[in-house]
Amino acid sequence: MYTLIVTAKMNDIDPQAWLADVLARLPEMPVSRVPELLPWNWKNRSLPEAA
């Protein structure tokens with residue numbers, strides 16, 4: 001757990017927001033897209049997306 005928190009912090013990400021989002025998205029995400037959830041690739045989906 002410590003490694004996940006430190007990795008998120010090193011990528012200027014709020015660890016709690018990142019982990020909550022990853023746990024919510026993981027069950028519905030195909031295996032081929034799992035790398036998008038890594039801290040250095042992660043984009044918070046609560047941000048407005050371009051229309």
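Q: Is Asp-21 buried or exposed in this predicted model?
A: The structure is a predicted model, and in it Asp-21 has a relative accessible area of 9%. Because the cut-off for a buried residue is under 20% relative accessible area, Asp-21 counts as buried.

Q: Which side chain does Asp-21 meet in a salt bridge?
A: Asp-21 lies in helix α2, which spans residues 15-25, and its partner lies in that helix too, 4 residues apart, about one turn of the helix. The partner counts as buried, at 11% relative accessibility. The N to O distance of the salt bridge is 3.0 Å, and the side chain that Asp-21 meets is that of Arg-25.

Q: With which residue does Glu-36 form a salt bridge?
A: Glu-36 counts as partly exposed at 33% relative accessibility, and its partner is likewise partly exposed, with a relative accessible area of 38%. The closest N and O atoms of the pair are 3.0 Å apart, and the partner of Glu-36 is Arg-33.

Q: How many salt bridges does the count come to?
A: One salt bridge joins the side chains of Asp-21 and Arg-25, and another is formed by Glu-36 with Arg-33. The rule asks for a side-chain nitrogen of Lys or Arg within 4 Å of a carboxyl oxygen of Asp or Glu, and by this rule the count comes to 2.

Q: What accessible area do Met-1, Leu-4 and Ile-5 have together?
A: Leu-4 has its place in helix α1, residues 2-10, and counts as partly exposed at 38% relative accessibility. With Met-1 and Ile-5, Leu-4 forms a nonpolar patch on the surface, and the accessible area of these residues together is about 280 Å².

Notes:
Residues are numbered from 1 along each chain as its sequence is written. This is a predicted model: local features need pLDDT of at least 70, side-chain atom pairs count only at pLDDT 80 or more; totals for chains, interfaces and linings use all residues. Side-chain values use heavy atoms; hydrogens and water are left out. Patches are made of residues with over 30% relative accessible area and no salt bridge: like charges are joined within 9 Å, nonpolar side chains (Val, Leu, Ile, Met, Phe, Trp, Tyr) within 5 Å. Accessible areas come from the Shrake-Rupley method with a 1.4 Å probe; for residues, only the protein chains shown count as cover. Helices (H or I, at least four residues) and strands (E, at least two) are DSSP runs, numbered from the N terminus. Buried means under 20% relative accessible area, exposed over 50%, partly exposed in between (1.4 Å probe, protein chains only).
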